[in-house]
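Please open the structure in your viewer and keep the selection tool at hand, since each stop on this tour begins with something to select.

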Amino acid sequence: MPEINVLPKEVYQLIAAGEVVERPSSVVKEMIENSIDAGASSITVEIKNGGSTYIRITDDGCGISRDQVKKVFVSHATSKIKVSDDLDSIATLGFRGEAMASISAVARVELLTRAQGENIGTRYEIAGGQEIDLSDAGCPRGTTIVVRDIFFNTPARMKFLKKDVTEGNAVAGIVDRMAISHPEISFRFIRDGKQMLVTSGNNDLKDTIYSVYGREFSSSLIDVDYSINNMRVSGYVTKPSAGRKSRAMQFFFINSRLVKSQTAMAALEQAFRNSIMVGHFPGCVLNIECDSSFVDVNVHPAKIEVRFANEKPVFELIYYGVKNAIEMGDTPREAVISQKPMQTTVTGKLDFFSKEEEKPKQMEFKQRVDPETFWQVAAPKKEYKVISPRQPKENKAADAPSSPAGETHNYVPDSKPVEAPVLNSQQDDKEVIIPDFRLVGQAFNTYIIIEMDSDIYFIDKHAAHERMNFERLKDSKISQQILLEPVSVRLSPEEYNAVCDNLDLYAQCGFLVEDFGSDTVLVRECPSILNGQDVKSLIYETAAKLMSGKTDITPEQMDWIYHSTACRSAVKAGDTTTPQEQELFVKKLLSMPNIRYCPHGRPVMIKMTKYEIEKQFGRIQ
């Protein structure tokens with residue numbers, strides 16, 4: 001039987017350090033958190049060689065009195081908590097008392113500090129867990145910590161460090177995120193002697209985001225400020241048109257603590273669904289303010305993962321807050337014009353106008369699109385509903401079934417989120433005022449061009465019509481029609497099983513689908529905007545998506561069918577429409593101001609300003 005050994009202090013300190021000190025960036029994170037907890041208003045971070053040989057962090061916080069300095073480097077010594085009950089309501093970023101002990105176990109550390117009321121500062125030096133020096137020092141109030149030669153006594157771990165540029169980028173990422181989580185603190189970052197970042201510390205989050213991530217990202221942001229269930233979410237999200245190829249620009253904070261949360265991520269992306277381009281992801285800087293007893297931050301050594309007492313209110317808070325911001329703050333995308341002048345060579349005689357202008361040929365519009373339900377628009381009336389960010393009301397999503405532990409992020413709210421949970425105080429039907437516009441014409445039988453407010457707008461007929469149909473289907477404003485001849489759809493065995501398992505889903509979306517046996521289904525009723533051929537291809541497409549094995553009906557699955565139905569029933573690019581039809585189309589679109597994207601996330605309208613046009617023609621400089 002193997003003998004049980006009690007590990008000496010220097011060994012278990014190295015083991016504990018492995019949980020906290022993974023690389024230079026984790027050292028920087030822990031020490032910045034200590035500076036923030038000390039009440040600093042200014043923090044300077046300097047590194048050399050990616051932080052592997054030199055890290056210095058200086059703050060103007062409360063400092064450490066001389067009789068407390070040695071305790072900083074003792075395992076599980078902390079000023080943040082005293083008894084076990086304190087763990088239920090942690091309000092500080094640090095609390096375990098492990099960080100400095102772990103850092104000093106694998107590096108050479110020098111500390112300079114002076115507390116308020118002390119005339120002389122203190123210098124303390126420790127390396128590999130062994131005290132070297134304690135002496136007087138002249139220094140301003142606050143604390144400076146220098147960490148040199150990480151893993152000098154554990155060369156095996158040093159081999160796992162990456163290149164200096166990679167480690168330095170990781171440190172820069174930590175400083176960036178700390179800066180945006182605390183805009184009230186001025187951060188300064190110096191890398192290999194070069195100043196890389198300075199924030200003002202003026203408590204203006206957007207100003208801090210501009211300093212950290214630049215003009216392009218900050219100019220794409222929409223303000224978020226929403227409260228419900230005694231919680232608040234504030235910050236910014238990107239416009240749907242500014243979606244990115246990855247989630248790298250999604251930053252979530254709980255009471256100003258940087259966290260990773262599947263619930264928050266799912267709520268954010270659910271709010272952007274049907275507004276952002278497929279395959280793109282929104283960016284955000286969102287801070288959730290809640291009672292500290294509602295969240296457990298003591299679940300991971302790096303304190304970046306948290307556990308909520310109930311994830312459903314968190315999902316709803318972010319979902320409705322972001323959805324609200326998109327509805328209120330988004331604007332049509334502006335066209336980007338290349339600044340390079342276009343070179344054109346002209347030879348011969350040009351006739352700009354013929355003597356006899358040919359009258360435009362009037363084409364009969366395809367009757368597949370019902371003019372009574374779409375094109376014919378006169379004095380439209382609409383109950384224009386807006387989510388109120390400040391006036392709580394009965395939450396429609398509160399009755400949604402709770403999810404099992406660990407799977408709460410899969411919860412999605414009612415399929416009509418823009419009507420929940422609260423409405424504008426003025427809920428009476430009001431006549432929508434359509435802005436004055438002038439129909440310019442149509443390009444490529446695809447884009448309607450209008451002039452409005454001294455700007456030019458290009459409208460994608462198919463994308464706009466698709467989104468309008470999609471919204472009408474979701475609101476059940478399109479009637480069902482009985483097909484003169486049922487549509488027979490022959491499926492593969494897997495597709496057949498998927499469709500038959502979801503007949504109720506099709507019924508909720510306006511389709512009467514029957515099992516005909518022999519891998520065949522019959523469609524007897526469908527929304528009135530479809531024809532028989534569209535129905536068949538729609539069943540094929542949705543059957544493939546339902547083959548994943550899910551049998552529970554969710555708003556996402558219903559949206560699959562709505563997407564397909566709206567797309568097939570919409571006017572297609574290249575379809576000819578008369579000027580009268582185009583004008584009625586624009587009126588209907590402008591009467592629905594919340595429609596900015598097709599269900600796949602493409603913009604339905606792009607604006608080209610008069611300024612940009614005149615700039616291209618050289619009228620202005």
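Two strands are said to pair if DSSP finds at least two bridges between them, and this idea will be needed once the tour reaches the sheet. Please keep in mind throughout that this is a predicted model.

Begin with the whole protein in cartoon view, where 15 helices and 25 strands can be found. Of its 621 residues, 48% are buried, and if you switch on the surface, you are looking at an accessible area of about 32,000 Å², of which 50% belongs to carbon and sulfur atoms. Among the contacts with a separation of 6 or more, 72% are accounted for by residues 24 or more positions apart.

Next, select helix α2, residues 24-37, and show the side chain of Ser26, which lies in this helix. Is Ser26 buried or exposed? Ser26 has a relative accessible area of 14%, and because buried means under 20%, Ser26 counts as buried. Its side chain reaches the backbone oxygen of Arg23 at 2.6 Å, so-called polar contacts being pairs of N or O atoms within 3.5 Å.

Stay in helix α2 and move to Asp37, which is also found there. Asp37 is partly exposed, with a relative accessible area of 25%. Add Gly61 to the selection: Asp37 and Gly61 are 24 residues apart in sequence, and their C-alpha atoms are 8.3 Å apart in space.

Now turn to an open sheet of five strands, which you can follow in the order β9-β10-β13-β11-β12, with mixed pairing. Which strands stand at the edges? They are β9 (221-228) and β12 (257-259), each of which has a single partner strand, so one side of each is left without a neighbour in the sheet. As you step across the sheet, the twist averages 20° from one strand to the next.

Zoom in on β11, residues 250-254, which pairs with β12 in the antiparallel sense over three bridges. Select Phe253 here, and you will find it opposite Leu258 in β12.

For the last stop, bring two helices back into view together with the sheet. Helix α5, residues 164-181, lies across β11, β12 and β13 (284-289), and it runs at about 55° to β11. Helix α6, residues 205-218, lies across β9, β10 (231-238), β11 and β13, and it runs at about 30° to β10.

How values were computed. Residues numbered from 1 in each chain as written. Predicted model: local features only at pLDDT ≥ 70, side-chain atom pairs only at ≥ 80, totals over all residues. Heavy atoms only, no water. Helix = DSSP H or I, 4+ residues; strand = E, 2+ residues; numbered from the N terminus. Buried < 20%, exposed > 50% of the residue type's maximum accessible area, 1.4 Å probe, protein only. Polar contact = N/O pair within 3.5 Å; in protein donor to acceptor, adjacent residues only side chain to side chain. Contact = heavy atoms within 4.5 Å. Areas by Shrake-Rupley, 256 points an atom, 1.4 Å probe, with all protein chains shown as cover. Axes fitted to C-alpha atoms, helices over the stretch in contact; angles between N-to-C directions.
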